[in-house]
Amino acid sequence: MSELLAKIKRKAAVLDHRSRQAVDLDKIMIEAGALKEIAPYLEEKALRTIAIAVDALTYEAAGHALETLLSRVGIRPNVTIIKPSSAGDVVADEASIVQLLLDIQRVKAEAVVAVGGGTIHDIARYCAFTSRIPFVSVPTAPSVDGFNSKGAPILVRGEKLTIPAIGPSAIFADMDILSGSPPALIVAGFGDMLGKFTSLFDWKFGAIVADEPYLQTAADITREALMSCVNEADSIALGREEGIHTLITALIESGLAMLLFGQSHPASGAEHHLSHYIEMEFLRLGRRQLLHGAKVGVASAHISKLYHRIISEGPERWNTDDKNSKDARMASNWVEIARHSQQIPDELTLRDLLRQVGGPATIEQLSVEQELIERSLKEAHHVRPDRYTLLRAFNEREIAP
């Protein structure tokens with residue numbers, strides 16, 4: 001068992017059965033040559049017919065090599081290269097899901113191996129869940145924290161919905177592959193991690209004001225992973241092996257925290273809602289998509305600016321005669337809310353961290369219009385109406401009669 005998996009299982013040992021079971025993965029390998037260990041793992045599990053989900057780029061990066069390795073030992077690999085949309089992007093939508101599901105059904109696959117980034121993993125995890133077979137994660141870049149999530153953000157008729165899926169039974173993160181990742185994907189992974197500053201606050205805020213479920217263990221794991229990346233920003237920026245190892249470990253650890261809690265609250269707050277809102281708008285307009293983590297990083301700076309402004313204005317706006325309302329709970333818990341907000345770095349600090357790793361730090365560098373970011377700040381809370389973030393509270397208070 002890897003050191004990371006052993007650490008998470010130790011933390012889970014004092015929690016309930018569901019939490020312990022959620023992180024009961026067979027294996028997590030984060031080392032050079034991990035790709036070669038997939039065939040022995042599948043043989044050990046007596047899995048002989050395998051669906052490999054890739055896109056054109058990840059097939060070249062690792063999918064073809066894995067196909068060869070499996071064939072050599074008599075495992076039957078069937079490769080599905082997910083086709084891009086008319087805009088040229090591979091997206092987790094109905095068409096991609098049906099493409100993979102048909103191949104799984106045709107060959108009677110016994111497991112799915114996702115070889116790629118977040119989108120490929122979202123497609124694979126939902127198809128595996130629907131087909132009631134396991135899936136194995138093979139990240140090809142340290143770009144997102146969704147490798148071991150149980151939720152699949154899927155586009156259904158252009159609307160982003162997070163749908164229950166399945167977590168991986170094993171993760172094989174090959175440092176030989178990850179160390180050669182394009183810089184933009186490394187920057188995106190760092191941006192996804194920076195978003196935890198605001199997501200962790202939103203999660204605590206929702207627990208205080210709206211009685212949303214909260215798990216301190218998952219919050220602690222996420223914050224520890226986040227700070228490991230911040231402390232290694234220079235090494236990550238230079239693409240050093242130790243920096244990439246820190247980043248992919250943190251991303252996987254963030255995913256394990258989500259598994260432990262059972263939902264994405266530890267790693268996804270208003271900054272992710274802005275990212276999803278922009279994604280849906282780009283889809284509507286037929287524009288090429290931006291990297292998820294790049295959007296999250298920049299969005300977290302905007303959310304930080306807004307949240308610090310709200311906190312600086314004090315609790316007066318939230319005073320109300322309805323003592324049972326969420327606004328009243330905000331006012332009565334203001335000191336605690338303000339204390340937790342202090343853990344969010346200010347806007348300029350977050351932008352400096354993004355620049356430090358060589359990433360886009362402003363919406364202009366992302367090629368996102370000012371009007372769109374302003375609209376997202378007013379409307380993005382509708383993306384996840386089941387979450388009570390400070391962004392939602394602020395916007396609902398603004399439009400209240």
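How many residue pairs are in polar contact across the interface of domain 1 and domain 2? In this predicted model, the rule finds 14 such pairs, with both residues at pLDDT 80 or more. The elements that contribute two or more residues to the side of domain 1 touching domain 2 are α2 (17-22), β1 (27-31), β7 (159-164), β8 (170-174) and α7 (175-178). By residue class, this side of domain 1 comprises 16 nonpolar, 8 polar and 6 charged residues.

The two domains occupy residues 18-180 (domain 1) and residues 183-396 (domain 2) of the protein chain. A distance of 26 Å separates their C-alpha centres. At the interface, 30 residues of domain 1 are in contact with 33 residues of domain 2. The extent of an interface is often expressed as the accessible area lost when the parts come together. For domain 1 and domain 2, the buried area is about 2700 Å², and carbon and sulfur atoms give 66% of it. Pro-142, Asp-145 and Lys-160 together supply 24% of the area that domain 1 buries against domain 2, more than any other three residues.

Charged pairs are also present at this interface, where the rule finds 3 salt bridges between domain 1 and domain 2. A salt bridge is likewise formed by Asp-89 and Arg-288, whose closest N and O atoms are 2.9 Å apart.

Two further residues, Ser-304 and Thr-198, were examined individually, and they are in contact with each other. Ser-304 belongs to helix α14 (residues 292-312), whereas Thr-198 is located in helix α9 (residues 196-210). Ser-304 is classed as buried because its relative accessibility is 0%. Thr-198 is likewise assigned to the buried class because its relative accessibility is 0%.

The side chain of Ser-304 places a polar atom 2.6 Å from the backbone oxygen of Pro-345. Beyond its neighbours within four places in sequence, Ser-304 is in contact with Thr-198, Ile-344, Pro-345, Asp-346, Glu-347 and Leu-350. For Thr-198, a polar contact of 2.8 Å links its side chain to the side chain of Glu-271. When residues up to four places away in sequence are not counted, Thr-198 touches Glu-271, Ser-300, Ile-303, Ser-304 and Ile-344. Ile-344 thus appears among the contacts of Ser-304 and among those of Thr-198.

Notes:
Residues are numbered from 1 along each chain as its sequence is written. This is a predicted model: local features need pLDDT of at least 70, side-chain atom pairs count only at pLDDT 80 or more; totals for chains, interfaces and linings use all residues. Side-chain values use heavy atoms; hydrogens and water are left out. Domain bounds come from an automatic or database domain assignment. Contact means heavy atoms within 4.5 Å. Buried area is the accessible area (1.4 Å probe) that two parts lose on being put together, summed over both. A salt bridge is a side-chain nitrogen of Lys or Arg within 4 Å of a carboxyl oxygen of Asp or Glu. A polar contact is a pair of N or O atoms within 3.5 Å; within protein, one must be able to donate a hydrogen and the other to accept it, and residues adjacent in sequence count only if both atoms are side-chain atoms. Helices (H or I, at least four residues) and strands (E, at least two) are DSSP runs, numbered from the N terminus. Ala, Val, Leu, Ile, Met, Phe, Trp, Tyr, Cys and Pro count as nonpolar, Asp, Glu, Lys and Arg as charged, and the others, Gly among them, as polar. Buried means under 20% relative accessible area, exposed over 50%, partly exposed in between (1.4 Å probe, protein chains only).
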